[in-house]
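Colleague: I should like to go through the reasoning behind the assignments in this model. Please begin with the terms on which strand pairing rests.

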Amino acid sequence: MCAKNAFEIFEELKDPRIERKTKHRLATIISIAVCGVMVGAETFEDIELYGHAKKDWFSMYIELENGVPSHDTFRRVFGLICPKSFQDLFSKWIQLIFGGIESGHIAIDGKSLRGSKRRKGNLDPIHIVNAFCCENTCFLAQLAVKNKCGEKSVLPEIIDQLHIQDTLISIDAGGCYPDIATHIRAKKGDYLFGLKGNQKTSFEAAKTYFETHVFGQESVVFPDHDAFDHSHGRCVRRRVFVRDIDVNDHPVLAKWPDLSRLIATETISIRDNKPISSQFRYYISSSSISADMLARSIRNHWSIENSLHWVLDVSLGEDASRIRDAIAAQNMSALRKFTLNVLRKDPKKISLKAKRKLAAWSDTYLLSLLKLC
């Protein structure tokens with residue numbers, strides 16, 4: 001797909017503005033914003049500056065009859081676009097980039113846009129729940145949580161946006177609820193949930209099971225997965241124990257649909273001049289995959305933190321963003337994530353930071369990124 005066609009896909013988005021009051025085409029505004037964020041723009045002012053700097057180049061691909069939109073125009077338009085429609089458009093774009101994404105494991109977790117805290121009305125920072133393909137390190141979907149509501153409130157809707165048949169869905173304790181598990185199973189997916197205090201009876205049942213049938217045995221019970229990690233000045237040993245169970249033998253756990261596995265992980269940390277520490281975590285799952293794959297999935301779940309949330313803050317400056325309008329903040333967050341997908345799709349063996357610099361310096365390279373879509 002050529003750059004012109006890559007820009008033309010934005011024509012499909014419904015313009016929320018009153019036609020007689022519009023000066024710039026919606027596709028023009030989005031195209032400049034996409035390229036601006038891709039090369040390092042972090043604010044609407046940055047996007048306007050980039051548009052002016054590349055005006056002659058943009059004029060070859062998009063309509064600029066009325067010049068480059070102002071930063072106020074970018075801000076106003078991004079505050080009007082329906083976040084769901086905007087995300088659907090970019091999801092279609094990603095389908096064109098990847099030719100469809102097959103995933104055996106999708107991690108779901110939330111992230112707050114810290115810079116969006118609004119003193120007026122004493123409103124908390126906007127909190128967004130993200131879905132992330134662990135194998136392809138690819139962002140899939142997002143939904144914002146309404147103020148004072150928990151992540152659970154948007155989990156069914158975000159699950160409905162995903163194709164999850166025969167896919168493992170991992171969610172931490174904040175989304176560990178029987179009705180969420182039922183929703184996943186209804187779509188023929190499998191769940192992997194972390195247990196904590198919000199499911200006290202299930203947590204205690206899992207803990208008691210392992211203390212009685214595994215750790216409490218006189219003979220040594222070997223883990224199903226045992227791995228060492230040496231990094232950041234410490235040595236970490238991770239032992240994973242997986243047990244098949246019948247919920248008929250554990251009435252407390254019967255509320256979990258198709259529950260078939262209990263998992264315990266022990267993390268043993270050794271640091272110089274510090275005592276050895278050990279921590280246990282417990283999980284439940286409906287999946288029949290191997291114990292080794294379950295262990296890998298538990299570890300890979302946190303790639304959503306390391307490969308998405310951390311990168312958004314450090315490389316794309318998301319936490320530093322001061323966009324406080326709820327809709328504009330959601331749309332810009334989606335734009336950052338889909339830009340990240342495009343940059344990762346490029347096979348060039350350089351860092352994301354270097355790719356963004358190169359895209360800013362080289363029109364040819366920026367075109368090559370757009371042609372991937």
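Modeller: Two strands count as paired if DSSP finds at least two bridges between them. The model under discussion is predicted.

Colleague: What makes S6 and S7 a pair?

Modeller: Strand S6, residues 225–231, and strand S7, residues 234–244, are joined in the antiparallel sense by seven bridges. The requirement is at least two bridges, so S6 and S7 are called paired. At this pairing, Ser231 lies opposite Arg234 of S7.

Colleague: How do you know that S7 also pairs with S8?

Modeller: Eleven bridges link S7 to strand S8, residues 261–271, again in the antiparallel sense. Because at least two bridges suffice, the two strands qualify as a pair. One of the bridge partners in S8 is Ile263, which stands across from Val242.

Colleague: Why is the radius of gyration said to agree with a compact globule?

Modeller: For 373 residues, the globule rule leads to a value near 21 Å, and the protein has 23 Å, which agrees. Along the principal axes, the C-alpha atoms fill a box of roughly 80 × 40 × 40 Å.

Colleague: What share of the residues is called buried, and on what grounds?

Modeller: A residue is called buried when its relative accessible area is under 20%. Of the 373 residues, 49% are buried. The protein exposes about 18,200 Å², of which carbon and sulfur atoms supply 50%.

Colleague: How are contacts distributed along the sequence?

Modeller: Among contacts between residues at least 6 apart in sequence, 62% join residues at least 24 apart. The protein has 14 helices and nine strands.

Terms used
Residues numbered from 1 in each chain as written. Predicted model: local features only at pLDDT ≥ 70, side-chain atom pairs only at ≥ 80, totals over all residues. Heavy atoms only, no water. Helix = DSSP H or I, 4+ residues; strand = E, 2+ residues; numbered from the N terminus. Rg over C-alpha atoms; globule rule 2.2 N^0.38 Å. Buried < 20%, exposed > 50% of the residue type's maximum accessible area, 1.4 Å probe, protein only. Contact = heavy atoms within 4.5 Å. Areas by Shrake-Rupley, 256 points an atom, 1.4 Å probe, with all protein chains shown as cover.
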